[in-house]
Amino acid sequence: QKPSKLEIKPLSPEEQAEREKKDRKHAAERLENMGMLIVRDDEGEPIGLRVVQPNQNIRQGLRELEELTTLQQLNLTGAGLTDHDLAFLKKFTRLEELILSNNRITDKGLSNLEGITSLGILYLDQTGVTEEGLSTVAKLSGLEALNLNQLPIGDRGVAKLNDLARLNHLELTHTKITDEGVKQLAAHHP
C-alpha cells in the first residue's frame with residue numbers, strides 16, 4: 001500500500017491574522033508572568049509594555065517581546081539591555097514611545113532604531129550613548145520629545161539635532177552643554 005501524500009494547505013489571510021493574534025496574546029501572558037505590565041486596547045491587543053521590576057527574566061523575555069509588534073509604547077527602563085539585545089526593535093514599526101533609560105546600550109545599538117518613523121518620544125538617559133550616536137537620533141524625524149540627561153554630550157552633539165523640526169521637548173540635565181549650545185539649539189527650535 002502506497003502512503004498518502006502529505007498535503008500542506010496555506011492559511012487564508014484571515015486565518016493567518018487570527019493565528020498572529022493568538023500568538024501575541026500568549027506572548028503577552030508570558031511577559032506578564034515575568035513581571036512586565038502589558039497595556040491593551042479595547043480589543044485586547046497589546047499596545048504598551050512596561051518593565052515593572054527589572055530582573056534577569058527580562059532578557060529571556062525578548063523572544064516573546066518580538067511577537068508584540070503591535071506595541072506603540074515600550075518602557076524598558078533598567079532592563080539591563082545591551083546593543084545586541086536591541087535588534088528586536090526593527091520589527092516595531094508602530095512604536096511611538098520608547099524608553100531605554102538606564103540600560104547598557106551605546107551608539108552602536110541605536111542603529112536598530114533607524115526606520116521606526118512613528119517614534120515620537122525617546123528616552124536615552126543614563127545609557128552609554130555619546131555625541132556620535134546623536135547622528136542616528138537626528139534621523140528620527142518624527143521625534144517630539146527626547147531625554148538625554150546624564151550623557152557625555154556637549155554643544156557639538158546637540159547641534160546634530162537642529163534639523164528635528166518636530167522636537168519640542170528636550171531634557172539635557174547633567175550634560176556638557178554650554179549656554180552657547182543652548183542658545184544655538186533654541187534658535188533652531190523656537
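These legends walk through a few views of a predicted protein model, from the whole chain down to single residues.

**View 1. The whole protein chain, with its 6 helices and 7 strands.**
Start by getting your bearings in the predicted model. Reading from the N terminus, the elements follow the order α-β-β-α-α-β-β-β-α-β-α-β-α. The C-alpha trace spans about 85 × 35 × 30 Å along its principal axes. Of the 190 residues in the protein chain, 43% are buried. The protein chain exposes about 11,200 Å², and carbon and sulfur atoms supply 47% of that area. Now think about who touches whom: among contacts between residues at least 6 apart in sequence, 46% join residues at least 24 apart.

**View 2. Strands S1 and S2, an antiparallel pair.**
Here you can follow S1 through residues 36-40 and S2 through residues 46-51. The two strands are joined over 5 bridges. Which residue of S2 stands opposite Met36? Look across from Met36 and you will find Val51. Between the strands of this hairpin lie 5 residues. One of the hairpin's residues to look for is Gly44, which takes a positive phi near 90°.

**View 3. Glu45, a residue in the loop between S1 and S2.**
Is Glu45 buried or exposed? Its relative accessibility is 11%, and because buried means under 20%, Glu45 counts as buried. Next, look at what surrounds this residue. Setting aside neighbours within four places in sequence, Glu45 is in contact with Lys21, Arg24, Val39, Arg40 and Thr70. With one of these, Arg24, the link can be described in finer detail: the side chain of Glu45 makes a polar contact with the side chain of Arg24, at 2.7 Å.

**View 4. A nonpolar patch on the surface, formed by Leu37, Val39 and Val52.**
Together, these three residues have about 220 Å² of accessible area. You have already met Val39 in the previous view, among the contacts of Glu45. Leu37 is found in strand S1. Why is Leu37 called partly exposed? Its relative accessible area is 42%, which lies between the 20% limit for buried and the 50% limit for exposed, so Leu37 is placed in the partly exposed class. As you compare side chains along a strand, keep one general pattern in mind: in a regular strand, they alternate between the two faces of the sheet.

Methods: Residues are numbered from 1 along each chain as its sequence is written. This is a predicted model: local features need pLDDT of at least 70, side-chain atom pairs count only at pLDDT 80 or more; totals for chains, interfaces and linings use all residues. Side-chain values use heavy atoms; hydrogens and water are left out. Two strands pair if DSSP finds at least two bridges between them. Helices (H or I, at least four residues) and strands (E, at least two) are DSSP runs, numbered from the N terminus. Patches are made of residues with over 30% relative accessible area and no salt bridge: like charges are joined within 9 Å, nonpolar side chains (Val, Leu, Ile, Met, Phe, Trp, Tyr) within 5 Å. Accessible areas come from the Shrake-Rupley method with a 1.4 Å probe; for residues, only the protein chains shown count as cover. A salt bridge is a side-chain nitrogen of Lys or Arg within 4 Å of a carboxyl oxygen of Asp or Glu. Buried means under 20% relative accessible area, exposed over 50%, partly exposed in between (1.4 Å probe, protein chains only). Contact means heavy atoms within 4.5 Å. A polar contact is a pair of N or O atoms within 3.5 Å; within protein, one must be able to donate a hydrogen and the other to accept it, and residues adjacent in sequence count only if both atoms are side-chain atoms.
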